[in-house]
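This briefing goes through selected strands, helices, aromatic contacts and surface features of one chain. Please keep the sequence and the structure at hand while reading.

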Amino acid sequence: WTNDRLDLAFATETPDATNQSNNTEGSTALAFYAPQLLSFLLHGAYLDISAKLEDWILKKCSQDLHFAHRCFWFLRAWCLGDSSKENKPRFSRNVSGLSLGGDDVDFISLEPLDSKAQAMKKLRGVEPNLYLSYSESHGAHEHDYLPPTLGGERLHGIDPPEESSSSKFSPDERVLIEQLLRRVIECGSRPAYVCQYGSIDGTIGEECNYDHDESVFSPSALATSVEQGLVPVDPRTGWHSKAHLDAIASPRKYGFLPLHHSSDSYQKQMQTKDARSLFFAAPVFLDALLSIADDLMESARPNRTTDLRQRLRGLEVELLPSNVVYLPIRNMQHRVWRIVADESIALSTNERVPCIVALEVIDYGSLALDLSSDRAITSAWVDTPREPKRHSTLIDKVANFTQERLRRLEDTIDHLSSHGDGKTNLERRLSDYLGPTGARTSSGPLYTPIDSSDDSSQELDEETPVMTKTAERSDSNGFEMCTPTPSLGSPRSNNGDEDGRSSPTSQFPVSSLHYQAVEDPPLTPQTPIQQEADSMDSPMGQWSTPRTAQKRQLKFRKKKTSSMANSIVEEEREIDGSPQAKQRKKVAFPPSSENMSRTIEEGPTRTFSPTPNEDEIDRAVLKSIAPAVVFKEDWNAKTERIRKSSIHGSHPGWRLLPILVKSNDDLRQEQLMSQLIQRMALILAKAKVPVWLYPYEIVALTGRGGIIECVPDTISLDSLKRNDPEFTNLKNFFEQHFGPPGSDELADAKANFVESLAAYSVVCYLMQIKDRHNGNILLTNKGRIVQIDWGFYFLSSPGKNSGFESAPFKLTRDFVKLMDGPDSRTFAKFRELCYKTFIELRKHCYQIILLVEMLTEGNEDLACFRGTPDEAVRQLKKRFRLDLNDNGIRKYVDELVDESLENWRTRWYDRYQKYCVGVY
């Protein structure tokens, strides 16, 4: 202990509070291990050194505000909260005797709600909400946060022992834990004071960093900012936020703290303030977000996003800006400037209203990462672009290069096919075939087959919709089209490609249909602004087929039309003498023929009213309840758009940070899984294993809620299938969205998919993660998958722990088809990456197992342990197969892949989700 063995063990060098902003990595690493350290302390892992361990933890709390807050949230959510009593009555709070000194405060008294109290703000879950207590005892514009009662019997934000229904600890044990929590708060008040004022004595001297920019915050610039709506407005009064105006107008400030007077005035001012109140700034702000998410359950679903934004506008005026308000995810060395209410949305479910909240934050301290730190290594592994065709062999690269050159040559030939007579090559061939008056003059085929082996050249036969004869036109690039017009009731969109789905006209033969040539949209180059506007206007946003792929779509439809026309001509040749031949010959007409403007006069025209089939009815119902596409706009484009409209957008530390606020849900075991995935990602990153995981953070703030780091630029497979009218399978979507076969974009997307799927497959097996329906699997705009929602793992499973999902991991037919089938080189690469991931995690399995073992004591109530945490750890060790050598592991991994491949239990679980839950 005299040699700082804990500092060495946890690789931290936490600085003194006066220099805290200069060591981001030490703060992040220390906060990561807070749950394990406190579990060791509380449950007497080393009884002979418990006092020394407690002193070490409290010392770190006095130096690092973020570590102190992590200790506060852990003790509150994991030890003093109780998430098992979901039907516990709600309570109101009576706050009286408020004193900033903290010596005579009776903070919380619990009493059953009466009819009058129903109209007041209500407490959900178990722990009293810090924000509700604060808002009931302070004015709307004050920034003094409610301190705890250190000498009283009750602690702010915690149930009294006699009122708690928790069975984890006895009342005496709870008293000891509350005493520890009071000491954590008292120690954490010191770094909170430093974050707010820059020094421990309240003196702002030249040695402290401060901002000074008179040109930006001049009176004229301030007036312009107000006119442009860059200053928050209180929705209750209509007045602009005084705190934001002061922070903007001050020519000299520390963070968001205006420095209007001499430094000694602040020192005198602090004599009347309690530094402990600053400790609660961030907890009060986050509890306010939880309170808003709770209250939205009482709003009508269509109004929830509107109500959320209204509440957020009031919250930012009430609690922001502040030097001590931050979000405990990723780089925590930042301050929250504003809530971007217009970019925040509410996601409704039957049990809760998760809210995505976007915030403007300003990083402070050193903005450069230490390249040798764990966070920098993981970030580089996750974010660094990789070579697009890294999975291709030399033969593949040569073939793709040749195919791309041939495609460009074909485009050039099509573009130059006009010879000055105003006709394209297709029109000229039609004229040669039918003659000047529309009579057939040649027995040759109307079209030349392009590639009979191509899937896109297959006949449409039973899947061709009804069409009417009309004039044939060409677009500005000379592309001739014979595009079908969807009949009434068809699920296809007007601008969609043929996707192989059934049509209501499939019962009628092709020969009885009339065709129409439709003009295609011009393929003129678009500016980035036009592309962004199209992305915003489209219901799918950035997930729509890009404009750059439209030309490929036109050629794709042209090939299909060519194949269809050849089919019709061959049919005419075979039965030219039949009574129906005369009618079938009227399928195509020359552009100059008089018959083009007339309806068919010979032969009856078959008309009918199509009846929607079961598939169409199913899709129509799903479309009406399809989940919203959250990240319609590219996140980088959104960030730049908001940066331009932010008054601090030019600050080098400015960034847009999205979080998911989730209330009425126990996030403790999800926080544990988040820790494990972060550790596994670090192991793979250090070994440079060419796979991919996204280690997002989760923090349980109470036993019934917390915050989750958002994964931007993603869409769930369920949302993709239900919102994209052209979706058939992932393979087709990748080719339409990223690029044609052989392109660098598609090769990169498929490689990203394989690498992420391999990593998550091994993780899902080792951790036994279940409930892997398509709503819990996200697809990024780079082609990677990200798995979310850790509600079931280790010993727990859906359906009252029925264990129906017995496959090692999810490997569906759709996934395998995207990887070109189980016998392809791509699938062999997937197997290889699974083996490399497994073997590397196996080498460092003790790091993973230890994180779990350190939290088993006292947390038997977690659903993932099912009351037997030792059994969960034993089975986890067994799955690493430490009894096998490397060759044995390779065979073992191959067996896992074979068992998962189109496993019938996976298929039926997806079917259950589709037909019983509505998740596609």
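In this predicted model, Ile698 stands opposite Ile708 in strand S10, and this pairing serves here as the starting point. The points below move from the strands around S10 to another strand pair, and then to a helix, the aromatic rings and the surface.

**Strand S10 and its partners**

- Strand S9, residues 698-702, runs antiparallel to S10, and four bridges join the two, while the hairpin that connects S9 to S10 passes through two residues.
- Strand S8 also runs antiparallel to S10, to which it is joined by five bridges, and Lys662 is the residue that stands opposite Gly706 in S10.
- S10 itself, residues 705-709, is mostly covered, with five of its five residues buried.
- The cover extends to both faces of S10, since Gly705, Ile707 and Glu709 on one side are buried, as are Gly706 and Ile708 on the other.

**The loop before S8**

- Ser645 is located in the loop that lies between helix H21 (635-644) and strand S8 (654-663), and with a relative accessibility of 39% Ser645 counts as partly exposed.
- Although Ser645 and Gly229 are 416 residues apart along the chain, their C-alpha atoms are separated by 9.0 Å.

**Strands S6 and S7**

- Of the 13 residues of strand S6 (residues 334-346), 10 are buried, so this strand is largely enclosed by the rest of the structure.
- S6 pairs with strand S7 (residues 355-363) in the antiparallel sense over eight bridges, and within this pairing the bridge partner of Val340 is Ala358 in S7.

**Helix H25**

- Helix H25 covers residues 744-767, and its 24 residues, at 1.5 Å a residue, should span 34 Å, which agrees with the 34 Å between its end C-alpha atoms.
- Because 21 of the 24 residues of H25 are buried, the helix is largely enclosed by the rest of the structure.
- Just after H25, Gln768 takes a positive phi of about 55°.

**Aromatic contacts**

- A search of the whole structure finds 22 aromatic pairs, among them the edge-to-face pair of Phe32 and Tyr33, whose ring centres are 4.9 Å apart with 85° between the planes.
- Both members of that pair count as buried, Phe32 at 13% relative accessibility and Tyr33 at 16%.
- The rings of Phe838 and Tyr892 have centres 6.0 Å apart and planes at 75°, and because an angle over 60 degrees counts as edge-to-face, this pair is assigned to that class.
- The contact between Phe838 in helix H28 (residues 825-843) and Tyr892 in helix H31 (residues 886-900) links distant parts of the chain, the two residues being 54 residues apart.
- Phe838 counts as buried at 1% relative accessibility, and Tyr892 is likewise buried, with a relative accessible area of 13%.
- One aromatic cluster is formed by Phe727, Phe733, Phe734, Phe738, Phe753 and Phe815.

**A nonpolar surface patch**

- Leu406, Leu409 and Ile413 form a nonpolar patch on the surface, and together they have about 300 Å² of accessible area.
- Ile413, which is found in helix H15 (residues 394-415), has a relative accessibility of 51% and therefore counts as exposed, the cut-off being over 50%.

How values were computed: Residues are numbered from 1 along each chain as its sequence is written. This is a predicted model: local features need pLDDT of at least 70, side-chain atom pairs count only at pLDDT 80 or more; totals for chains, interfaces and linings use all residues. Side-chain values use heavy atoms; hydrogens and water are left out. Buried means under 20% relative accessible area, exposed over 50%, partly exposed in between (1.4 Å probe, protein chains only). Two strands pair if DSSP finds at least two bridges between them. The expected span of a helix is 1.5 Å times one less than its number of residues. Patches are made of residues with over 30% relative accessible area and no salt bridge: like charges are joined within 9 Å, nonpolar side chains (Val, Leu, Ile, Met, Phe, Trp, Tyr) within 5 Å. Accessible areas come from the Shrake-Rupley method with a 1.4 Å probe; for residues, only the protein chains shown count as cover. A salt bridge is a side-chain nitrogen of Lys or Arg within 4 Å of a carboxyl oxygen of Asp or Glu. Rings of Phe, Tyr and Trp (its six-membered ring) pair if their centres lie within 6.5 Å; planes under 30 degrees apart count as stacked, over 60 as edge-to-face and the rest as tilted.
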